[in-house]
Amino acid sequence: MDQYIVTGMSCAACQARVEKAVNAVPGVKSCSVSLLTNSMGVEGTAAPADIVRAVEDAGYGARPKEAARTQDYSARLAQEQEALRDHETPVLRRRLIWSLGFLLVLMYFSMGHMMWGWPLPSFFEGNHIAMGLIQLVLSAIVMVINQKFFVNGFKSLFHRAPNMDTLIALGSSAAFAYSTVMLFVMTRAQLDGDTERVMACMMEFYFESAAMILTLITVGKMLEAYSKGKTTDALKSLMKLAPKTANVLRDGKEVTVPVDQVLSGDTFTVRPGESIPVDGIVLSGVSAVNESALTGESIPVDKEAGDRVSQATINQSGFLTCQATRVGEDTSLAQIIRMVSDAAATKAPVAKLADRISSVFVPAVIAVAAVTMMIWLLVGQPVGFSLARAISVLVVSCPCALGLATPVAIMVGNGVGARNGILFKNAEALQETGNVQIVALDKTGTVTTGEPVVTDVLPAAGVPRETLLNAASALERHSEHPLAKAVIGFGGNTEDWETEGFRALPGNGLEARYGREALAGGSYAFIRTRVDMPADMTRAYETLSADGKTPLFFAHGKRLLGIIAVADAIKPDSAQAVRELKDMGIHVVLLTGDNRRTAEAIGRQAGVSEVIAGVLPDGKEAVIRALQEKGTVAMVGDGINDAPALMRANIGIAIGAGTDVAIDAADVVLMHSRLTDAVKAIRLSRATYRNILENLFWALIYNTLLIPTAAGAYIHALGITMNPMLGAAAMSLSSFCVVTNALRLNLIKLNDASKDRKLRHPVDPGADGRLLPESRNDNASAVNGGEGEKTMVKTMKIEGMMCGHCEATVKKALEAIEGVQSAEVSHVNGTAVVTLGADVADDVLKAAVEAKDYEVKEIA
């Protein structure tokens, strides 16, 4: 998306006019204009010069946001930061101060003397012509001070695209012109000696209304500009985080250079208290890094050699030496800024209603004002009364409130999300995330940690826990199996456990000699051939296996030491996140390539509504397609294999910043690896959408009620009328109220689930609680590609698998073969049930498995 800065817009009608002009340019695919940031996003092949020309022909100004691609990233960032700075408020404040000064003098002459008898200089006593002339001069000065309304208003009118400035200019000009005419009529009456007529003409002066309208509108514009400046605080704060310099090692010496001169691969140092200048990897040193600026997490994260660090995070304690991996506009901070900025330049679907209204609003108001004046004249009211009603209609109507209703809420919502590590790529994602009915969760890395951990330690009768842990660690330290790392990392003192003769027994386990006897570890089937298995240990094995855990048995000689269970454990917040999603009325589906038993066990722990297991990466995309037939779907994942499903889902959510491919495919990016942040994203989306509706309601109800009041529709029924000055005051506050309401989003507590509401229209699962039919193989036609496909099933007997990770290795190897649709692998049964979509030779299947160091005994 190419972005442009647009100048000269004052209301929603201007925004609609610019969009219409640019959309008419050949090659433009889509155009989105933001009144809030005075920016425009354009997609398509049209040349920038053609787009700028179209905007200028419409009566406005435009220029590309990144005029110099060769500019350093820091310079471009500073340029964008300057563009976001509140330039309007200081100008409007000066205008307001001068306007108020002359208005107060004008009000003293026009109303103070006549209504409250305030004294006047002797020159003006009885000099009605002088009284009229001083009012004319003072009101003209206020009009010159606020000439921008007239320049923009009449310019837009001549371009046949009237806007809010046009309404203000017409109202103020009409009041001034009518009063000037009455002044000339009064001079004639003065010459004729008609005192009564002179006094009647003085009562027809609206000079103070002409000036008051402009001053009150300026008050509202200043409050609006100040509030609008606050809505971009989050984006401006992100831009200010970017460091200006870096300490780089060049030729063995440390030199300080501008951050734009740091290249990928450079080595840089960071002292305690300094900002990390670019993204990189720690080469040496240990420290705690405060990442709150990017993630919203206040607790510092420990970093050591091999860990990644991000630009703009603060090194708090130790000295770090790092290697730059991403610099300039490729850093995490730059990507976050780009996402927030792009989201602000896009439009939410709900904004289309306001756009349609805004496109006809101003012409309609001008027509209503003209009709109002004609009707009052026809029913016999004097010109002054009729004109006052028409002026009130012009100045009370507020297209600005309509135009700001959506973008201010989107901007503030995006800012709140960015501060909490939740990034929405566009306004549509921010609106629609709260409407999801189904959330599909990838298992590994999303619901679970993705790393095997020890979950249970069950010593055999009479065996100390420390003995079991020490023996297991002594044996496993020689193994490279993923489960061995989990056991070693859990603890155990191996100093007194010197083993020799270590060997791995394929299909069985591990064996070494400790003292005079063998120390063995492995599966239930392997250890029961060496020792007598107590009944309670057998029951524990069955229970642990049913829970999706891998029980590892250890024995020394003929003595059973106990069981250590290992599993890919769920994250601490997963169950809470699933519970809160279900409390919102959302159907939660666990989607995984693991076998059904493991998936069901994780599903029970997390509390999901439905489990779909044994699904291939392309099968995940098909599952999402099937779920979309039931309702609106959000997919939460973190890996490359989740990308097709993330793109297929109505809303794709990449968790833990995921892989680059997942981020590109997603609509929402979560900087943390916490599933509760997905719940926060939904909560924020709902609050933002609710705020947009409140703003639109206020804007519409305001105009619906006050325009008829200004026209005098309720004079006879209720005795209610509206002075043009009151109309201007109401109009000046309407936009301010909309922007202030949007700023309330900054107060939202994303962790508070007490105000969550259930969906009005949740999905309706079947009697078994499932949305998709359960089959023997979850990769069947409902998921992986429809009916009528010819498939063949082969069952392989495999030795050497000991755990869920072995299953995953075999499954991945088999499913990588062309023609294999799916593989259902079980280390307990020692089998792999392979579903083929084409003929695959047994030798090919066998070679793929044995290449992973497992032994294929039979294929049937």
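Where is K749 found? K749 sits in the loop between helix 29 (724–743) and helix 30 (781–784), and the views below start there. This is a predicted model, in which local features need pLDDT of at least 70 and side-chain atom pairs count only at pLDDT 80 or more, while totals for chains, interfaces and linings use all residues. Residues are numbered from 1 along each chain as its sequence is written, and side-chain values use heavy atoms, with hydrogens and water left out.

**View 1. A positive surface patch that includes K749.** R690, K749, K755, R757 and R760 form this patch. Patch residues have over 30% relative accessible area and no salt bridge; like charges are joined within 9 Å, and nonpolar side chains (Val, Leu, Ile, Met, Phe, Trp, Tyr) within 5 Å. Lys and Arg count as positive and Asp and Glu as negative, with His and the chain ends not counted; a charge is placed at NZ of Lys, CZ of Arg, CG of Asp or CD of Glu. K749 is exposed at a relative accessible area of 64%. Here buried means under 20% relative accessible area, exposed over 50%, and partly exposed in between (1.4 Å probe, protein chains only). The areas come from the Shrake-Rupley method with a 1.4 Å probe, and for residues only the protein chains shown count as cover.

**View 2. A nonpolar surface patch of about 650 Å².** Its members are V371, M374, I375, L377, L378, V379 and V383. Helix 13 (residues 351–378) gives the most to this patch, with 5 residues. Helices (H or I, at least four residues) and strands (E, at least two) are DSSP runs, numbered from the N terminus. L377 lies in helix 13 and is partly exposed, with a relative accessible area of 32%.

**View 3. The buried residues of helix 8.** In helix 8 (residues 195–202), V198, C201 and M202 are buried. Down the helix axis they fall within an arc of 100°, so they line one face of the helix. That arc is taken over the directions from the helix axis to the C-beta atoms.

**View 4. Two residues with positive phi, D251 and A312.** D251 is not a glycine, yet its phi is about 55°. D251 belongs to the loop between strand 5 (245–250) and strand 6 (253–258) and is exposed, at 81% relative accessibility. A312, also a residue other than glycine, has a phi near 80°. A312 is in the loop between strand 11 (308–309) and strand 12 (314–315), and it is buried, with a relative accessible area of 2%.

**View 5. Salt bridges within helix 7 and helix 24.** A salt bridge is a side-chain nitrogen of Lys or Arg within 4 Å of a carboxyl oxygen of Asp or Glu, and by this rule there are 24 salt bridges. D192 pairs with R188, their closest N and O atoms being 2.9 Å apart. Both lie in helix 7 (residues 164–192), 4 residues apart, about one turn of the helix. R625 and E621 meet at 2.8 Å, N to O, and they too are 4 residues apart, in helix 24 (residues 617–628). R625 is partly exposed at 37%, whereas E621 is buried at 15%. Elsewhere, salt bridges that share partners join R503, E511 and R530 into one network.
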